[in-house]
Amino acid sequence: MDTWKWLGLIVIALLMGANSEANTQKRPAQGPGSPVSGDALLGIHDRARRAQLHLEAGRFEQADRDYSQVVDDPRFGDLSKSSRAHYLRGAGGAALAAGQTERARALLLRAERIEPDHAGSAWLLMWVAMSGDDVDEAASALTRVASGWPQLLEHMPDRSIGAVLGRLPKDSPTRRPLLQALFEADWTNHGRGADAFWHMLALAYINDGLPDAARPVVRRIQAAETLVDIRIDRRFDALADRDSPSMDVALAARNHRDRLLARLESEPANLTFHKE
């Protein structure tokens, strides 16, 4: 599936709530002290509903145009705070899907000023950052999502998180916080396991003179190939008991095989596991 089409579907799934004013038949709410009647605002909601339908259908440029007319309408400020934030997120998502990243950023920051720390705004701002060239900005935005809304990580496209980490220099100040946020979120790397990333995190702690912080990270590692790397690396001498069953490479390989077989039995159509 095309990346932007995938993104558009995620925008719909996460941001377009069934209880939004654009999806109800009741008279829309107004901002405090608004001189404009609720009936007069129905045109804005109707256009927003059309924009949402275009977005759902993958007509991103049309959705972008319709949402732009919504948020640029002189009556937009008369809508309730929740409606303004909701439509700004929709407009930001449509702009992003249409390839207008800087305008998407501006719209989403407006939404954040109205409703700070909203999952939808953070999610879309992360995609704005990941579509640009500043990998540290992308890592910081991804860290924010992983820390605040870890359930969203499973909606990430395959290998996209690894791609961000792969672009980060080892001395980047955003690298360890991102790895730690993923660790605390119990990220599974789409069920494949994330032991290679936990190895990176453990090394980052060791290199920063924080061996105690590395201990729980090392204990989570189960992949045979990663255990081999740990066993031969003298930096882990004080952290890893090579005689412990948890450091038994052959046992780890057998356990990994058994887990794959169990997943193949329960999910035979999941080709990801066949590739392993």
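**Reading burial in an all-helix model**

Mentor: In this predicted model, buried residues make up 47% of the 276 residues in the protein.

Trainee: How many helices and strands are there in the protein?

Mentor: The protein has 14 helices and zero strands. Residues 24 or more positions apart supply 57% of its contacts with a separation of 6 or more.

Trainee: How should the nonpolar core be read, and which residues have the most contacts inside it?

Mentor: In soluble globular proteins, nonpolar side chains tend to be buried together. Here the largest nonpolar core has 73 residues, and Met 126, Leu 182 and Trp 198 have the most contacts inside it. Helix 6 (residues 119-130) contributes the largest share of this core, nine residues.

Trainee: With which residues is Trp 198 in contact, leaving aside its neighbours within four places in sequence?

Mentor: Trp 198 is in contact with Leu 179, Leu 182, Phe 183, Trp 187, Val 217, Arg 220 and Ile 221. Among these partners, Leu 179, Leu 182 and Phe 183 are buried residues of helix 9.

Trainee: Why is helix 9 described as largely enclosed by the rest of the structure?

Mentor: Buried means under 20% relative accessible area. Seven of the ten residues of helix 9 (residues 175-184) are buried, so the helix is largely enclosed by the rest of the structure. Arg 175 and Gln 180 are buried there, along with Leu 178, Leu 179, Ala 181, Leu 182 and Phe 183.

Trainee: What covers the buried residues of helix 9?

Mentor: The cover includes helix 7 (135-148), helix 8 (160-167), helix 10 (195-207) and helix 11 (211-220). After helix 9 comes Asp 186, with a positive phi near 55°.

Terms used. Residues numbered from 1 in each chain as written. Predicted model: local features only at pLDDT ≥ 70, side-chain atom pairs only at ≥ 80, totals over all residues. Heavy atoms only, no water. Helix = DSSP H or I, 4+ residues; strand = E, 2+ residues; numbered from the N terminus. Buried < 20%, exposed > 50% of the residue type's maximum accessible area, 1.4 Å probe, protein only. Contact = heavy atoms within 4.5 Å. Core = buried A, V, L, I, M, F, W, Y, C linked by side-chain atoms within 4.5 Å.
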